[in-house]
Amino acid sequence: MVVLPKLVVILGPTACGKSGLGVELAARYGGEIVSADSRQVYRGMDLGTGKIKPEERCGVPHHMLDILEPGTPYSAARYQQDAYGAIDSILARGRLPFLVGGSGLYLRAVTKGFVFPDIAPDSALRAALSGQSTEALYALVYRQTGQELNGSERHNRQRLLRIAEKVLGGGGQEAEYHPRYDPLLLGVAYPREEMYRRIEIRLADRLASGMIEEVAELRLAGVPDAFLEAMGLEYRYILHYLTGQITTKEALAEALGQAIRHFAKRQVSWFRKDDALWLHMAENPLEEACGAIDRFLSGGE
């Protein structure tokens with residue numbers, strides 16, 4: 001029997017403390033963190049993605065942050081290979097890898113070892129699909145695969161076109177998998193009302209800290225509006241504010257807060273399908289997580 005390398009995974013919805021808990025655990029176990037966030041791979045997209053600040057990392061090495069310029073195409077398949085490289089290098093150094101994030105497809109690509117089919121582009125099929133709306137493409141992908149995409153991916157038209165092309169071209173979508181690691185999944189979440197309260201507080205703090213200015217600077221640097229729109233949530237709604245589609249900061253905060261709450265609710269539904277140990281975040285999650293990791297590393301779980 002092949003013994004797979006161990007990987008600790010911290011997952012859950014936005015604003016529930018994944019990054020902070022990841023740092024505490026990695027510091028305690030001499031580990032390193034691999035980010036599993038579809039937007040934090042981009043440089044200069046910090047406040048809008050909730051990226052952990054350098055001073056908050058407490059000396060713990062972080063991987064898969066700031067690896068691309070905004071506007072650069074990226075996929076779950078490419079993330080999987082990049083994350084494999086980061087995790088394998090951590091293991092080679094004799095350290096414990098922690099995969100931390102909230103992008104469900106990216107997490108499962110690594111923890112389950114999805115095999116992404118390499119289907120050649122079909123120009124005729126692509127042309128036929130191009131006539132459908134983004135919403136119709138998402139509905140097609142969901143019907144064929146049962147795959148729920150996160151907010152930014154759901155509105156990424158080019159990604160949806162490519163997935164739909166693979167599905168209808170006979171390639172399927174992540175039907176096979178070959179696990180590369182033995183993962184321990186630790187889930188972080190709060191009761192819904194507390195989660196919504198945390199989202200509201202964090203959003204107000206990020207807006208006060210310059211999140212609108214961050215998006216404005218990205219536009220000035222030449223990042224296309226279409227890319228910001230595809231990133232969803234903070235970047236889409238602030239773009240709408242900057243272009244006059246949302247007229248006041250108060251309306252922006254209200255609309256964006258509602259969108260983030262809906263996104264978090266979808267994340268909870270997604271992650272509840274995973275075989276995770278859900279930590280009691282309002283009690284002593286660090287002690288609970290350490291107990292689970294100790295058992296996992298000793299072969300007791």
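Okay, let's start with a cysteine: Cys290 is buried, with a relative accessible area of 5%. Buried here means under 20% relative accessible area, with exposed over 50% and partly exposed in between, using a 1.4 Å probe and protein chains only. Cys16 is buried too, at 0% relative accessibility. And how many disulfides does the chain have? The count comes to zero, where a disulfide would be a pair of cysteine sulfur atoms within 2.5 Å.

Quick housekeeping before I go on. What you're looking at is a predicted model, where local features need pLDDT of at least 70 and side-chain atom pairs count only at pLDDT 80 or more, while totals for chains, interfaces and linings use all residues. Residues are numbered from 1 along each chain as its sequence is written, and side-chain values use heavy atoms, with hydrogens and water left out.

So, the overall picture. The chain has 301 residues, and 49% of them are buried. Its secondary structure comes to 13 helices and eight strands; those are DSSP runs, H or I of at least four residues for helices and E of at least two for strands, numbered from the N terminus. Take the contacts with a separation of 6 or more: 75% of them involve residues 24 or more positions apart, a contact being heavy atoms within 4.5 Å. On the outside, the chain exposes about 14000 Å², and carbon and sulfur atoms supply 51% of that. Those areas come from the Shrake-Rupley method with a 1.4 Å probe, and for residues only the protein chains shown count as cover.

Now the strands. Which strands does strand 1 pair with? Strand 1 and strand 7, residues 182-189, pair in the parallel sense over six bridges, and four bridges join strand 1 to strand 4, residues 96-101, again parallel. Pairing here needs at least two bridges found by DSSP. If you want to find the register on screen, the bridge partner of Ile10 in strand 7 is Leu186, and Val9 stands opposite Leu99 in strand 4. Strand 1 itself covers residues 6-11, and five of its six residues are buried.

Stay on strand 4 for a second. Strand 2 joins it as well, through five bridges and running parallel, with Gly31 opposite Leu96. In strand 4, six of six residues are buried. In a regular strand the side chains alternate between the two faces of the sheet. Here, both faces are covered: Leu96, Phe98 and Val100 are buried on one side, and Pro97, Leu99 and Gly101 on the other.

Over to helix 11, residues 233-242, where seven of the ten residues are buried. The buried ones are Leu233, Glu234, Tyr235, Arg236, Ile238, Leu239 and His240, so have a look at the charged names in there. What covers them? The cover includes helix 8 (192-208), helix 9 (211-220), helix 10 (225-231) and helix 12 (249-271). After helix 11 comes Gly244, whose phi is positive, near 90°.

Next up, aromatics. The structure holds four aromatic pairs. The rings of Phe, Tyr and Trp (its six-membered ring) pair if their centres lie within 6.5 Å; planes under 30 degrees apart count as stacked, over 60 as edge-to-face and the rest as tilted. One of the pairs is Tyr42 with Phe227, edge-to-face, at 5.1 Å centre to centre and 85° between the planes. That pair links distant parts of the chain, with Tyr42 in the loop between strand 2 (31-35) and strand 3 (62-63), and Phe227 in helix 10, 185 residues apart. Both Tyr42 and Phe227 are buried.

Another pair is Tyr74 with Tyr106, also edge-to-face, at 6.4 Å centre to centre and 65° between the planes. Tyr74 lies in the loop between strand 3 and helix 2 (76-92) and Tyr106 in helix 3 (residues 104-113), so this pair ties together parts that are 32 residues apart in sequence. Tyr74 is buried at 12% relative accessibility, and Tyr106 is buried at 3%. Add Tyr79 to those two and you have one aromatic cluster.

Last stop, arginines over tryptophans. The charged end of Arg108 sits over the ring of Trp270, 4.0 Å from its centre. Arg272 does likewise with Trp278, its charged end 4.1 Å from the ring centre. The rule is that NZ of Lys or CZ of Arg is within 6 Å of the ring centre and within 35 degrees of the ring normal. That's my tour, thanks.
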